[in-house]
Amino acid sequence: MSAADAATAIWQQHKQAADLSFKNGNYPEAASNYTKVIIALNDDRSSRPAVSDRVKVYANRSLACLKMADFKEALKDAQIAVGLDPRWQKGWYRLASALEGLGMLPEAETALDTGLPLDASNTEMQQLLKQVRRKSKGSPPADEQSSEDRQLHQDIHAFFRKQCKNATLLKERGANNNVPVDDNLTQSMPAKQGVQQASTPLTKQQKKKRRQQKKAAQSSASPSQSPERESVTSPDPNSERVTQVTPCSTKPPCCSGPPTTEQQAESAKDLGNTQYKAGQYDAALLSYGKAIALCPEVAAYYGNRAAAALMKRQYKLAVQDSLQATKLSSTFARGYQRAGKAYLCMGQFDEADSQYKRALELEPSSAAIKGEAQLVDMIRSNLKLGQECLQAGDARQAQWHADKAVRLHSPAVETALLLKCEALIALGKYAEALNETRSLTIQGDPMATEVLTVRAQALYLTGNMSLAENTYQVVLRLDPDNASSRKGLKRIKLMNSSKNAGNEAFKAGKWREAEQHYTQALELDSHLKSAFVAQCACNRAAAHLKLGNAEAALKDAEVATELDSQYARAYMRRAAAHQALEHFEEAVRDYEKVKSLEDSTAGIDSMIRDAKTALKKSKRVDYYKLLELDQNAGDADLKRAYRKAALRYHPDKASSEDRDENEKKFKLVGQANAILSDPAKRQKYDAGWSAEEIDQGMQMGEDGTYGHGGHGANMDDVFAHMFAGGMFGGGGRGGGRGGGFSRRGGFPPGF
């Protein structure tokens with residue numbers, strides 16, 4: 001590819017990006033990209049781009065500014081477009097649109113009247129002209145103008161006068177519609193102050209306004225001066241009307257003609273300086289770009305834009321502009337200094353050294369240049385040590401060196417920040433690493449493959465699997481041979497596939513299959529500690545619970561809560577596992593944790609209540625367990641279990657050392673039978689009431705009567721109850737203690 005073709009490809013690539021940004025509605029980015037096009041066009045010395053290309057770019061940037069309601073900037077670009085080619089109708093349309101936005105309706109009408117004859121069938125211009133005239137007709141008298149507004153009016157009127165000269169020159173030279181005007185050809189022409197207009201009849205209000213302007217101009221003129229007026233005939237020789245235009249009521253004393261190109265460039269530079277000081281670096285880049293477009297041979301303009309580019313971390317542009325500045329002026333020390341700074345920010349230490357040395361040759365006493373030059377070796381040394389530590393497995397020391405290199409220079413050197421991200425990942429500080437990647441660039445590009453690769457890794461390690469997958473895909477589109485990104489993408493897809501298969505199996509009630517899929521997802525990266533792992537472990541815990549494996553469920557739930565302390569569902573799984581294992585206090589704590597994290601969790605209040613009931617039950621004597629009886633057992637089963645337990649814990653059958661313990665359990669057996677054989681008491685017991693609460697409830701009398709006074713009956717009373725009621729086939733209940741249990745006599749005859 002020739003140099004000319006390469007230069008053309010550069011600005012066309014920028015233009016495609018600008019057009020795409022505009023199409024997507026990102027007008028600030030579009031304006032910025034059109035500025036890059038203008039820069040590339042100005043730098044293109046080999047292919048000599050057509051003037052029409054420049055005209056279209058300025059018109060497009062004007063339209064982007066119109067979309068942002070930045071009418072002054074839109075006006076400036078439209079003026080440049082019209083100045084480059086006054087025969088291009090769209091330039092006049094942009095100019096009129098900007099003037100309308102600024103409320104300069106007469107001037108907008110003038111622009112439309114001038115541009116419309118170039119193509120009278122242009123419906124857009126016709127509609128805009130009608131709109132402007134309608135607004136002019138209904139607009140109130142103008143308030144007193146500020147000095148800035150007056151200057152703006154004077155400038156646009158001077159611009160109209162200049163375009164009138166251009167049109168006259170074109171006519172005299174026999175120019176055709178396809179030849180743009182060269183402003184340099186009109187510098188020696190005498191100034192005219194009229195503006196050529198279309199033969200559109202004036203309304204009564206417009207006629208009145210023109211007469212008032214004429215009268216005001218005549219009355220304010222000095223005796224030695226006459227009001228500046230000029231009649232300009234319509235382009236149509238058959239027109240019956242000749243329009244007179246007085247651009248401003250009086251000619252300002254300082255206005256001796258339109259500003260020169262150099263003056264416009266200086267104004268753009270001064271505006272850029274003001275914006276730079278205010279921290280408006282994007283706007284400053286645009287202003288300096290306009291200055292360069294007007295006067296591309298001034299080194300200071302490139303130097304200023306390089307400074308703004310450094311603040312926006314556009315290091316390639318900063319280097320390009322700095323080197324161009326030093327090419328235009330070999331003694332421009334700041335150009336070398338800014339080139340050195342840009343190279344340093346990109347971690348290109350040898351190039352930075354070279355530029356700083358050249359700057360010091362020109363200004364050997366500059367403390368600022370000396371200080372920046374010394375930083376190069378300091379940062380380079382720390383980066384080398386940090387990289388060696390990271391390769392040796394000492395990530396903590398690597399982070400220390402990277403941090404030191406980052407702090408030595410602002411903005412941070414890109415390679416130092418990249419090393420810090422890698423060290424943080426090695427230390428397991430994934431969220432911190434991800435946060436650092438958000439400000440990471442390589443050669444000023446936040447979309448560099450090196451940046452995206454480390455960001456994708458950090459996203460994966462923090463469990464943002466979807467974003468990590470998308471980022472890896474972007475890397476592979478930019479660099480199809482990127483092996484680490486290809487491997488990372490494949491692993492993520494397999495893990496997501498296994499997890500999704502587990503979810504589908506769980507929904508279908510295939511608990512074992514779901515457990516296997518979740519296990520496969522977890523085993524794909526056994527070292528991963530992220531939210532994704534927490535989710536898979538939590539889901540596998542649910543499958544374990546469905547399979548009745550509470551121990552395994554508890555382990556998985558513990559893993560999930562350790563990885564994500566705010567994961568409510570993991571606490572829910574752990575609570576269920578604790579409850580299944582009869583760890584009721586832990587279950588209550590976990591359910592209450594769930595409520596504190598997500599108060600709207602369905603059924604959480606009922607879960608807490610049930611867990612507390614189970615906890616309360618666990619602290620009392622479990623009569624069912626004591627009798628080895630199922631909770632749903634009927635009366636016959638209860639009687640058999642009661643008799644069996646009474647025999648098992650009979651004090652006379654125990655050894656001397658176990659007698660006291662057996663007496664206690666024998667007494668509890670009696671209490672168990674007394675409560676479980678009574679339907680009302682059993683219902684309360686099953687609801688979580690303790691024996692004491694049941695006893696108190698009976699005494700307080702739900703039916704207005706007293707029940708049993710307590711459960712502290714002695715052994716003889718217990719056995720009297722056992723044998724008197726026919727439980728073991730005996731007769732009716734006798735009086736006193738007849739037939740009852742006797743410590744001496746043992747069991748009654750025939751037992």
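In which kind of crossing, left-handed or right-handed, does α4 pass α5? In this predicted model, the answer is a left-handed crossing, with α4 passing α5. The two helices, α4 at residues 71-84 and α5 at residues 89-101, pack at an angle of about 155°, and their axes sit 8 Å apart. That angle makes α4 roughly antiparallel to α5, since anything over 145 degrees falls in that class.

On the α4 side, the residues that take part are F71, A74, L75, A78, Q79 and V82. They meet G91, W92, R94, L95, A98, L99 and G101 of α5. Sorted by character, the residues of this contact come out as nine nonpolar, three polar and one charged. A helix has 3.6 residues a turn, so positions three or four places apart point the same way. One of the α5 residues in the contact, G101, is partly exposed, at a relative accessible area of 32%. Between G101 and A74 there are 9.6 Å from C-alpha to C-alpha, against a sequence separation of 27 residues.

Before going on to other parts of the model, a look at the chain as a whole helps. Its secondary structure amounts to 34 helices and two strands. The chain has 751 residues, and 44% of them are buried. As for contacts with a separation of 6 or more, 58% come from residues 24 or more positions apart.

Helix α6, which covers residues 105-115, is largely enclosed by the rest of the structure, because nine of its eleven residues are buried. The buried set is made up of L105, E107, A108, E109, T110, A111, L112, D113 and G115. It takes in acidic side chains along with the leucines and alanines: E107, E109 and D113 are among the buried residues of α6.

A second helix pair, α19 (430-437) and α20 (449-461), can be described in the usual terms. Two packed helices are described by the angle between their axes and the distance between the axes. For α19 and α20 the angle is about 150° and the axes are 9 Å apart. The two are therefore roughly antiparallel to each other. Here, too, the crossing is left-handed, with α19 passing α20. In α19 the contact involves Y430, A433, L434 and T437, which meet V451, V454, R455, A458, L459 and L461 in α20. These residues divide into eight nonpolar, one polar and one charged.

L434, in helix α19, gives a close-up of this contact. At 8% relative accessibility, L434 counts as buried. With neighbours within four places in sequence set aside, L434 is in contact with R455, A458, L459, T462 and N464. Of these, R455, A458 and L459 also appear in the list of α20 residues that meet α19. L434 and L459 are 25 residues apart along the chain, yet their C-alpha atoms are 6.6 Å apart in space.

The loop between α19 and α20 holds a backbone feature of its own, at Q443. Q443 is not a glycine, but its phi is positive, at about 55°. With a relative accessibility of 33%, Q443 counts as partly exposed. E628, in the loop between α29 (623-627) and α30 (635-648), shows a positive phi as well, near 55°, and E628 is again a residue other than glycine. E628 is exposed, its relative accessible area being 57%.

Another backbone feature turns up at P411, in the loop between α17 (395-408) and α18 (414-426). The peptide bond that leads from S410 into P411 is cis, and its omega is near 0°.

Finally, the cysteines. A disulfide is a covalent bond between the sulfur atoms of two cysteines. How many disulfides does the structure hold? The count is zero. C421 is buried, at a relative accessible area of 0%. C536 likewise counts as buried, with 0% relative accessibility.

Technical notes. Residues are numbered from 1 along each chain as its sequence is written. This is a predicted model: local features need pLDDT of at least 70, side-chain atom pairs count only at pLDDT 80 or more; totals for chains, interfaces and linings use all residues. Side-chain values use heavy atoms; hydrogens and water are left out. Axes are lines fitted to C-alpha atoms, for helices over the stretch in contact, and angles run from 0 to 180 degrees between N-to-C directions. Helices (H or I, at least four residues) and strands (E, at least two) are DSSP runs, numbered from the N terminus. Angles under 35 degrees count as roughly parallel, over 145 as roughly antiparallel, 65 to 115 as roughly perpendicular and the rest as oblique. A crossing is left-handed if the near helix is turned anticlockwise from the far one by less than a right angle, and right-handed if clockwise. Contact means heavy atoms within 4.5 Å. Ala, Val, Leu, Ile, Met, Phe, Trp, Tyr, Cys and Pro count as nonpolar, Asp, Glu, Lys and Arg as charged, and the others, Gly among them, as polar. A disulfide is a pair of cysteine sulfur atoms within 2.5 Å. Buried means under 20% relative accessible area, exposed over 50%, partly exposed in between (1.4 Å probe, protein chains only).
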